[in-house]
Amino acid sequence: MNAQSLRIGIAGLNGRVGRLLAEEVPAGGAILAGGTTRDGQKVAGIECRVHADIAELARHCDVVIDFTHADMVAAHAAALSETGTAWVLGTTGLSPAQQQAVDAAAQKIAVVQAANFSPGVTLVTRLARQMAAVLPGSEYDAEILEMHHRQKVDAPSGTALAMGRAVAAGRGVRLEDHIESGRDGHTGPRANGAIGFAALRGGQIVGEHSVIFTSGHEQISLTHRSFDRRVYATGAVRAARWLSGRASGLYDMEDVLGLDRPA
């Protein structure tokens, strides 16, 4: 499909990222096919059709970009699967059941799911996995530090967890078996091989993430800072354009960026 004829819909048109997407979709050469809002009303300053629900939006576009809420994921998965509409999903904080709904949808439609659509975050996460593969947990403690705006409701952030999963994958283990988060009180010494998380909240910080490996002799840090949410919007539009014509399946930003998969 020609990029100029690609119809992109936005779930959550009146959200922080949704408003930016409304600008970035036409800037990227695609058609803004409409969006959904919580109250079903038009958004001031955005000239596009507001559809009654996700099912109606899906019938009018080729790809839906979704940065809404985890509670809406299952319904969105069902609606987009029914219409065969591709899905760019940036919603984080999903429960196992909600993730299963995404996985089931990917059997029928093409889905790009990412905790963060920044190319820089994608590369940092990949580097974290590569570093973890050669820095053993018995010698290098892995800690992930993140800070976000005071309105953020989930912690650790989806991006921090994605980085933690990358560290775990590099070490050939499951994050769930090694995670340490929310330390408080007399916790005892740090366990060998633990993957630690610390979450900070304050002001209007867009997003800061660091993966830190520390041994008894050295420390290596990978840090990414987002200055503007627009980086997520441009990345999501890039993912939507990449999805055009793809077979059903679950993809991520490494696929969008054309990065080779590790052996």
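A salt bridge here means a side-chain nitrogen of Lys or Arg within 4 Å of a carboxyl oxygen of Asp or Glu. Keep that in mind for the arginine we'll visit. One caution before we start: this is a predicted model.

**Stop 1: the whole chain.** Show everything as a cartoon. You should find eight helices and 11 strands. The radius of gyration is 19 Å, close to the 18 Å the globule rule gives for 263 residues, so the chain is as compact as a globular protein of that length. Its C-alpha trace spans about 60 × 40 × 30 Å along the principal axes. Of the 263 residues, 49% count as buried.

**Stop 2: R171.** Now select residues 158-171, which make up helix α6, and pick out R171 within it. Show its side chain. Is R171 buried or exposed? It's buried, yet it has no salt bridge. The nearest side chain of opposite charge belongs to D141, and that is 6.8 Å away.

So what does the R171 side chain reach? Turn on backbone atoms and look at two oxygens: that of Y140 at 2.8 Å, and that of L135 at 3.4 Å. Leaving aside residues up to four places away in sequence, R171 also touches several others, among them A132, P136, G193, I195 and F213.

**Stop 3: from F213 to a hairpin.** Follow that last contact of R171, F213, and you'll see F213 standing opposite I220 in β10. Select residues 207-214 (β9) and 219-226 (β10): the two strands run antiparallel, joined by eight bridges. Together β9 and β10 form a hairpin, with four residues between them.

Key: Residues numbered from 1 in each chain as written. Predicted model: local features only at pLDDT ≥ 70, side-chain atom pairs only at ≥ 80, totals over all residues. Heavy atoms only, no water. Pairing = 2+ DSSP bridges. Buried < 20%, exposed > 50% of the residue type's maximum accessible area, 1.4 Å probe, protein only. Lys, Arg positive; Asp, Glu negative; His and termini not counted. Polar contact = N/O pair within 3.5 Å; in protein donor to acceptor, adjacent residues only side chain to side chain. Contact = heavy atoms within 4.5 Å. Rg over C-alpha atoms; globule rule 2.2 N^0.38 Å.
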